[in-house]
Number of protein chains: 2
Amino acid sequence: MEAASLVERSLLNALAFAESGNPPPGLADAMRFAVLPGGAWVRPRLCLAVAKACGAQDLQVAEGAAAAVELLHCASLVHDDLPCFDDASSRRGRPSVHRLFGERLAVLAGDALIVLAFQHVARAAATRSDLLVGLVLTLGRAVGMPNGIVAGQAWECEPAIDTEEYQRCKTAALFAGAAELGAAAAGVDPAPWRRMGEVLGACYQVADDISDAAGDEAVLGKPVGRDLALGRPSMVMDHGLAGALVHFGRLVDACADSVPPCPGRAAMQAQLRVEAARLVPEPLRVVAA
Amino acid sequence: MEAASLVERSLLNALAFAESGNPPPGLADAMRFAVLPGGAWVRPRLCLAVAKACGAQDLQVAEGAAAAVELLHCASLVHDDLPCFDDASSRRGRPSVHRLFGERLAVLAGDALIVLAFQHVARAAATRSDLLVGLVLTLGRAVGMPNGIVAGQAWECEPAIDTEEYQRCKTAALFAGAAELGAAAAGVDPAPWRRMGEVLGACYQVADDISDAAGDEAVLGKPVGRDLALGRPSMVMDHGLAGALVHFGRLVDACADSVPPCPGRAAMQAQLRVEAARLVPEPLRVVAA
């Protein structure tokens, strides 16, 4: 089964669990809308790729962990889009959750998705409880305090901000978590995978800054020029577009180099380069390669 | 050690974990403000009381589970107070989190507290991973979809609402979870404790409705008359103050009856009656007894 199919199957399973019995219909709809059809599933596919590279035979736990990462990512998008933060009217080419369902259900959908992520990983590890402490703590570190994506978002509320620390929390932390979870789900020590995930997250964030500055709204499915308009920290603002592209290229190299020794190392490195190249807008790709 | 001291110690431990390293200071402050000094700790004390009644010798897991329940309760209060919900200006006699720290940090504090609850229970069960699947799923059921407190809050957004189902989700679910977690932490089948927790939650909700209609703002530390003002479902609105008091008395009896067979059953029943009596405003207590 393709990685994307595994992710979709697991997300559908999680949503069906949340909708079992007699749920409030509005919240059930808002959660489903926030999660599916979904974006590129970069993080959950990373989780699965690491589990495979580590030699995992049975992907059940990794599949659940991958979907949990995506649920947490979706929760953060729903809350980031709220009027008090970005006040984004669209996301992935559709209305944002709060525009379609109202602010109250958007707050609750984010909350319920966070909870669902932990429920889902516990269900996936029901017969491998020996793995669950590590999985829950890794998920928690990636999204919570002191250095997860929630902490990253909170740095936006501080008077002084360090762009790299901010992006390390806001983006790299969940990539690092996805990579670590893949290893942990395979029963392998996750620590060596942390750096690779962080560097990939940094790649992704810089690519996002570049897309925000030079991308096409129709292709991205979300408004561009928001970082500049909102005065948010951005590698393009700090170093210019050309500087950001050079930085991006170096990060891709560093990412491939940081794949730890494992049965599937060479394949993983090749896949990383292919996927990284796709992250920057088409006309700039040759510069970044 | 007194139950309240155990709860406080565990909450301080959880907050210290969230603040380790280099956290964004505003979010760290908002989380601490949301959790401490805290209210009556009814739910975490219930969790510990059930663990003891079930004969638990080592309370480490129960202490962590109890604190996790309180963290989730605090998260729900912070989000319920947001401008898009109750727009409450005060809570426990102090400003609400969003009034003091702003709406953005209030959203993030709720998110981070939800995550922290799961991190905390995983840390508490680090050497009892065999218990963790049950603990995480029980916590998730109490707060998430389809019937936890988040679902309860979401019923407020529906055009038609069943008061009992609404209150079962919004209040009883977390009481049920607290009772079940106490049993699960003691290594005992939690299922028989569910009913007792639900009934206690229903007692608490009716007492809350009564306090809202007839309580003293200075004693409660929060505004009264909000249910009526916001047109929220309430047992007092449905059955009048006298009817609500009769219902409350019956629920207290049902709660004591529903304590499952366990080593500490009689003591638990006595404690329940004492604590339940304290839930209604002083002048009405004789009626409810």
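This report walks through some salt bridges in the structure above. The model is a predicted one. Over all chains, the structure holds 28 salt bridges. Side chains of opposite charge can pair when their charged atoms come close.

Let's begin in chain A, where the side chains of A:E198 and A:R194 meet in a salt bridge at 3.5 Å, N to O. Both residues belong to helix 10 (residues 191–214) of chain A; because they are four residues apart, about one helical turn separates them. With a relative accessible area of 17%, A:E198 is buried, while A:R194 is partly exposed at 26%. This pair also has company: A:R141, A:R168 and A:E180 join A:R194 and A:E198 in a network of salt bridges.

Chain B has a salt bridge between B:R194 and B:E198, again with an N to O distance of 3.5 Å. These two residues sit four residues apart in helix 10 (residues 191–214) of chain B, about one turn of the helix. Here B:R194 is partly exposed, at 25% relative accessible area, and B:E198 is buried, at 18%.

Another pair in chain A links two helices. A:D253 and A:R273 meet through their side chains in a salt bridge of 3.0 Å, N to O. A:D253 lies in helix 13 (residues 235–257) and A:R273 in helix 14 (residues 265–277), so the pair ties together parts that are 20 residues apart in sequence. Both partners are partly exposed, A:D253 at 37% and A:R273 at 38%.

Here are the three pairs by distance:

| Salt bridge | Distance, N to O |
|---|---|
| A:E198 and A:R194 | 3.5 Å |
| B:R194 and B:E198 | 3.5 Å |
| A:D253 and A:R273 | 3.0 Å |

Technical notes: Residues are numbered from 1 along each chain as its sequence is written. Chains are lettered from A and ligands numbered from 1 in the order in which they are written. This is a predicted model: local features need pLDDT of at least 70, side-chain atom pairs count only at pLDDT 80 or more; totals for chains, interfaces and linings use all residues. Side-chain values use heavy atoms; hydrogens and water are left out. A salt bridge is a side-chain nitrogen of Lys or Arg within 4 Å of a carboxyl oxygen of Asp or Glu. Buried means under 20% relative accessible area, exposed over 50%, partly exposed in between (1.4 Å probe, protein chains only).
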